[in-house]
Amino acid sequence: MHFNRRNFMKATGASVFLPAIIGRSWAAEAGAPLPIPEVMDLGNGSMGELTAQLGRHEFLQGQSTQTAGYSQSYLGPLIRMNRGETANVRLDNTIDEPISVHWHGLHIEGYLDGGPHTPVLPNTPREAALDIEQPAATLWYHSHIMERTGAHVWYGLAGMLWIDDPDAPDSGLPETYGEDDLPIVVQDRKFGSNGELVYTPRGPSLMMGYRGDEILVNGAIQPEASVPAGMVRLRILNGSNARIYHFGFEDGRRFYQVGSDGGLLPAPVDMNVLTLSPAERAEIIVDFSDGKDVRLMSGPDNNAMGGMGGGGGGMMGGMMGGSSPASDANGSFEVMRFTVNSGLTPKVTTLADTLAGAAEVEFGEPVRRRSFQLQMRGSMMSGSMKINGVEMKMDVINEQVNIGDTEIWEVSADEMQHPFHVHGTSFKVLSHQGVPTNSANIGLKDVVLVNGKAEILVKFDRMADANAPYMYHCHILEHEDFGMMGQFTVT
Ligand SMILES: [Cu+2]
């Protein structure tokens, strides 16, 4: 397959994903109850079915919006899989273009990974049998088609995936789904005056990544969750195309991070600001025992070329990074609200000092070092973004890795910060900007936000041959779609 970068803009405006007019005539409706996705449990041999489909979804009061989703109008069900089992799922697609289901964070072989080489073609169902052998973790899935990932995810082709480990010791963390264990998928979106989603990455919003001015959680605008007066576990996914969030509570209360991309941390990490770049996940424990309602906020996203206020709002934000939500004087904006419901009995009221069942991966001595330079400099002129001087090409394998080898990958980012994602494994972050990191506080990762330079320790235990190689790429989806991606085999 050959791809012409100049077709990119045309492609993202393809007819099934309707373009819209910028402006607004509707009221954004905040404060609806937090939607809790339906669970698709693939444990104990049960077979699931995931169908990519177009739909209409009501985000805005009295408005129906063209969307896409997996087996529902927008986003997909929360899929649960058990460690030590094979998860079986039938993938189908009723949309008039290829989509895929990339299992982001799963350690599975390349042909099952759901990358650009393994699309689900229209009305051509496929079955996938996924051997789950990795720690309990909060992952996700999304479409991952060459030059179309940004549009597909923007319109809704994404969902959460939780791995459970029936044999892990009890962490004591909250685990009552929808009550004290909540999926939180945070996305920014932009709507036109006709109520339709607007996705028109071009110029600055292509260069900086595409941002929206409405904040959605699980597909609802700034919703409200009703929680018990105890410990509540929030499993947060940044499901946005480009926006980086700096989450914190309006009252400055502290909270505890207990998990990251690859599973639980060895011990809770006390914090009051949590930064998540696109595709990163964090599990946090928030104490609501004081009974006070509180808003979850985010600070502004300042990731832009030259470090100038990209999504920061105002003229610069508009010029440089697209839209920004209505914000206070500091640039902070509301993500969602929590109200404490005294009618709910808290099930967990304490948090242990250390976490049983923390995620672990055995790394050996590194035998090789590779470097990856994420490059956007000159990309407007050349019509593509690059890694190590080359743009993504479907028929070029950029790296070959030996199965089971431990390697150090040195990743550097030019012009702005880039969230670097590696398929097929979880890695450890060794250093950032030349400073060794405390990996116990960071945990196992599959995305690292690179500001300058980072070193990561990687090892792959599953095969990916040249017919279905793994990808590494920037998870700002417009950068990925514009070529900041590469392919590697593991054999
Ligand atoms: Cu990038």
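Which residues is Leu374 in contact with, leaving aside its neighbours within four places in sequence? Keep that in mind as we walk through this predicted model; we will come back to Leu374 once the overall picture is in place.

**Stop 1: the whole chain**

Start with everything shown as a cartoon. The secondary structure comes to seven helices and 32 strands. The radius of gyration is 21 Å, close to the 23 Å that the globule rule gives for 491 residues, so the chain is as compact as a globular protein of that length. Along the principal axes, the C-alpha atoms fill a box of roughly 60 × 55 × 45 Å. Of the 491 residues, 52% count as buried. If you draw the contacts between residues at least 6 apart in sequence, 78% of them join residues at least 24 apart.

**Stop 2: colour by pLDDT**

The chain averages a pLDDT of 92, and 91% of the residues score at least 70. Now select residues 1–16, where pLDDT stays under 50. The model has 23 contacts beyond four places in sequence for this stretch. Next select residues 308–320, where the pLDDT is also below 50; this stretch has 37 contacts in the model beyond near neighbours in sequence.

**Stop 3: colour by domain**

The domain assignment gives you three selections to make: domain 1 (5–164), domain 2 (181–340) and domain 3 (368–490). Hide domain 1 for a moment and look at the other two. The C-alpha centres of domain 2 and domain 3 lie 24 Å apart. Their contact takes 22 residues from domain 2 and 23 residues from domain 3.

On the side of domain 2 that touches domain 3, select helix H3 (204–207), strand S16 (255–260) and strand S17 (263–271), the elements that give two or more residues to it. S17 provides the largest share, four residues. Colour this side of domain 2 by class and you will find twelve nonpolar, eight polar and two charged residues.

**Stop 4: the nonpolar core, and back to Leu374**

The largest nonpolar core has 127 residues, and Val186, Val217 and Leu374 touch the most other members. In soluble globular proteins, nonpolar side chains tend to be buried together.

Centre the view on Leu374 to settle the opening question. Outside its neighbours within four places in sequence, Leu374 is in contact with Ile387, Val411, Ser412, Ala413, Asp414, His418, Phe420, Val450, Cys474 and Met484.

**Stop 5: a glycine and a distant partner**

Bring domain 1 back and select Gly195, in the loop between strand S10 (181–189) and H3. Is Gly195 buried, exposed or partly exposed? Gly195 counts as partly exposed because it has 19 C-beta neighbours inside 10 Å, and 20 or more would make a residue buried. Add Gln63 to the selection: the C-alpha atoms of Gly195 and Gln63 are separated by 6.1 Å, although the two are 132 residues apart along the chain.

**Stop 6: two backbone angles to check**

Most residues other than glycine have a negative phi, and most peptide bonds are trans. With that as background, select Leu75, in the loop between strand S3 (65–70) and strand S4 (78–82). Phi of Leu75 is positive, near 60°. Leu75 is buried, with 29 other C-beta atoms within 10 Å.

Finish at Gln222, which sits in the loop between strand S12 (220–221) and strand S13 (224–227). Gln222 has a positive phi of about 35° although it is not a glycine. Gln222 counts as buried, with 22 C-beta neighbours inside 10 Å.

Definitions and conventions:
Residues numbered from 1 in each chain as written. Predicted model: local features only at pLDDT ≥ 70, side-chain atom pairs only at ≥ 80, totals over all residues. Domains from an automatic or database assignment. Contact = placed C-beta atoms within 7 Å. Nonpolar A, V, L, I, M, F, W, Y, C, P; charged D, E, K, R; others polar. Rg over C-alpha atoms; globule rule 2.2 N^0.38 Å. Buried ≥ 20, exposed ≤ 12 C-beta atoms within 10 Å, placed from the backbone. pLDDT = per-residue confidence, 0-100. Core = buried A, V, L, I, M, F, W, Y, C linked by C-beta atoms within 7 Å.
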